[in-house]
Structures are given as C-alpha cells and as structure tokens.
Protein chains: 2
Amino acid sequence: MEEPHCKFETVLEILVGKWKPIVLFHLFSNGTMRFSELQKAIPDITKKMLTQQLRELEYHDIVHRKIYHQIPPKVEYSITEHGKGMSTVLQAMNDWGMSHLNHLNELYGEERSVESFEGRLDEVTGS
Amino acid sequence: MEEPHCKFETVLEILVGKWKPIVLFHLFSNGTMRFSELQKAIPDITKKMLTQQLRELEYHDIVHRKIYHQIPPKVEYSITEHGKGMSTVLQAMNDWGMSHLNHLNELYGEERSVESFEGRLDEVTGS
DNA sequence: CATATAGGTATCTTTTAGTATACTAGGTAT
DNA sequence: ATACCTAGTATACTAAAAGATACCTATATG
C-alpha cells in the first residue's frame, strides 16, 4: 500500500511545464538548435522560461547544452543519448493521445478541442 | 512548422494534477472504489481535490462514476474501457521512468530522489 | 431533538507557475 | 566613444493550482 511503485510520475516530472513539450518537439525535429533559434521557433516564450525549461531538461539529462566560448555567446542545445531513449515513450503517448482526441470528438463533438476543456467540465459535472 | 503535431500533450493533460497519478494507481489496482475508500487510501488529499481530479478524469472518459441514490450517498469510481486502453501507455511511461531513475542515480548518486530535485538544479546551472 | 453519515460544494488563503520588463557581459563594427 | 550582438539574470508582478475550513443534503439512529 505505502508508496505506490507506479512511477510514470517520473516521466511526468520531466515533461511538465508549459513549454517543455514544444521545446522537446523542436529539438527532436531539428537535432541541434541555438538558444536564439529556439526563441524564434517558439515566439511567445520568454528568455526566462526558455532558460528555465532547458535547465530542467538538462538536469534530467534529456538535453545537452554546448557552450562556445565566443563573444557574442553561442550555445547549442540538443537531445542527449539518454533523451533519445525517451522517444519510444513519447511516441506511445503521442499515438494514444491522437486516438484519445478522436474519442473525445465522438463524445463531445468535433468542435471541441483539448484547449476548450474548461467550458465542458460543467456538462459532466451537472448531471 | 506551424502547429507541432506531436500530441503527447494530450496525455499530459489527462495526467497532470497533483493527485491524478495516485488516484489512477489506486483505481487501476483496486478496480472499483468508493469516494471514501479513495480518501482513506490517499490520506492527505482533501475532498475538494479528490472531487476535482475525479471530475477531470471523468471528463476524459478515463474514470466512470456510478451513483447509488441512497442516503447516506454512495458513489463508486472505476476505470472505463477507454481508460483501460491507456494502461499500455502508462506501463511504457512507468518502465522508462524506472530506468530513468536509475540513470539519475548514476549521475547524481543514490541519495538523490525525484523529490529532492530543486536543490540539485543549481549544480547543473552553475557549471 | 440532536447527531451521524457520505459525498460532496462554497469561500477564502497560500503556494507555485508563468509573464513583463529591465539589466548585464565582453568583444566587434561604426 | 557608442551601439550592437547573444545568451542569459534579476526583480516585480499576475494568474493558476492547491490547501484549509465551513457548510449542505436527506434519512436513520439514540
């Protein structure tokens, strides 16, 4: 009973954060990117958040940070070997996620989306 | 480029919430549980949070809510058929999560844990 | 008549996550 | 001398998530 050994929370911990999924998406897609390239690819992110999310991914050894000691600075980010091992999990999540979206569309209709989730909650609540 | 079609965020949306993993863990393990049984199984959760997390899972058709019209009330929660389809994803997350924890232990030593993650961030930051 | 019961809701406070904006370093181009 | 560049940091603020606590419902029991 004590501590549930169901540790999918570990994966959640890596992925949680408003910008982590999209940061990972770009790094997985493009291989290696500079800080400024990531910024351009994700226009609404602030430097602070981009730095923060990258640091957390770096802590988990998902992302590698390569510093070129130049002026002006150059820093490149890429997925580590360990991080690449995560891709099957992400793929599994992605695949099931897609089918889940279809399922939700069947339940609630095409017009709904993951984003417009708040408004629908009361429907289920008020029954 | 536009909208990344990498939709593992959908799965995140279902699972994110401080108590969702443990709620799911108990429901997957025990099959069917009353509200009060969940409360007992997760002592630190408040009624408010338990209700909220269950409602969100219900919205996503992961959890089913069966109401017995009695006084005092009786409500049973269980994993839906659709929800059961999620178990392979959760298993994949769980498995990779375990190996990731080992990896982190190799990197940072045995004493660290997922929980004591804050304190370690500066180590990676300050290099 | 007061109390307990189960499964909640309502309201308020605290904590955490995210945003906005200004500032920095150090070398190069004007 | 001044402005510009990149990859940040620092500080202050706002929004969202979670916690604490009180209350509600209708029946059955003492």
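**Figure 1. Polar contacts between chain B and chain A.** Between chain B and chain A, 14 residue pairs are in polar contact, both residues at pLDDT 80 or more. A polar contact is a pair of N or O atoms within 3.5 Å; within protein, one must be able to donate a hydrogen and the other to accept it, and residues adjacent in sequence count only if both atoms are side-chain atoms. The rule finds zero salt bridges across this interface (a salt bridge is a side-chain nitrogen of Lys or Arg within 4 Å of a carboxyl oxygen of Asp or Glu). The model is predicted: local features need pLDDT of at least 70, side-chain atom pairs count only at pLDDT 80 or more, and totals for chains, interfaces and linings use all residues. Residues are numbered from 1 along each chain as its sequence is written, chains are lettered from A and ligands numbered from 1 in the order in which they are written, and side-chain values use heavy atoms, with hydrogens and water left out.

**Figure 2. The side of chain B that touches chain A.** In chain B, 48 residues are in contact with 48 residues of chain A (contact means heavy atoms within 4.5 Å). The area buried between the chains is about 5000 Å², and carbon and sulfur atoms give 73% of that area. Buried area is the accessible area (1.4 Å probe) that two parts lose on being put together, summed over both. B:Phe8, B:Tyr59 and B:Trp96 supply 18% of the area that chain B buries against chain A, more than any other three residues. Helices H1 (9-15), H2 (20-30), H4 (47-59), H6 (87-108) and H7 (118-125) of chain B each give two or more residues to this side. Helices (H or I, at least four residues) and strands (E, at least two) are DSSP runs, numbered from the N terminus. H6(B) gives the largest share, 14 residues. By class, this side of chain B has 28 nonpolar, eleven polar and nine charged residues. Ala, Val, Leu, Ile, Met, Phe, Trp, Tyr, Cys and Pro count as nonpolar, Asp, Glu, Lys and Arg as charged, and the others, Gly among them, as polar.

**Figure 3. The two copies superposed.** A rotation of 180° with 0.0 Å of shift along its axis places chain B on chain A, with an RMSD of 0.1 Å. The two copies are thus related as by a two-fold rotation axis. Superposition is by least squares on the C-alpha atoms of residues with pLDDT of at least 70 in both. Of the interface residues of chain B, 98% are also interface residues in chain A, so the copies meet through the same surface.

**Figure 4. Protein around DNA strand C.** Strand C is surrounded by 18 residues, the closest being A:Lys18, A:Lys48, B:Arg65, B:Pro73 and B:Tyr77. A residue is near a strand if one of its heavy atoms lies within 4 Å of it. Sugar and phosphate make up 66% of the strand C atoms that come within 4 Å of the protein. An N or O atom in the side chain of A:Lys18 is 2.5 Å from a phosphate oxygen of strand C. For B:Ser36, a polar side-chain atom lies 2.8 Å from a phosphate oxygen of this strand.

**Figure 5. Protein around DNA strand D.** Of the 19 residues around strand D, A:Arg65, A:Pro73, A:Tyr77, B:Lys18 and B:Lys48 come nearest. The side chain of A:Lys47 has an N or O atom 3.3 Å from a base nitrogen of strand D. A backbone N or O atom of A:Pro73 lies 2.8 Å from a sugar or linking oxygen of strand D. H4(A) gives the largest share of the surface near strand D, four residues.
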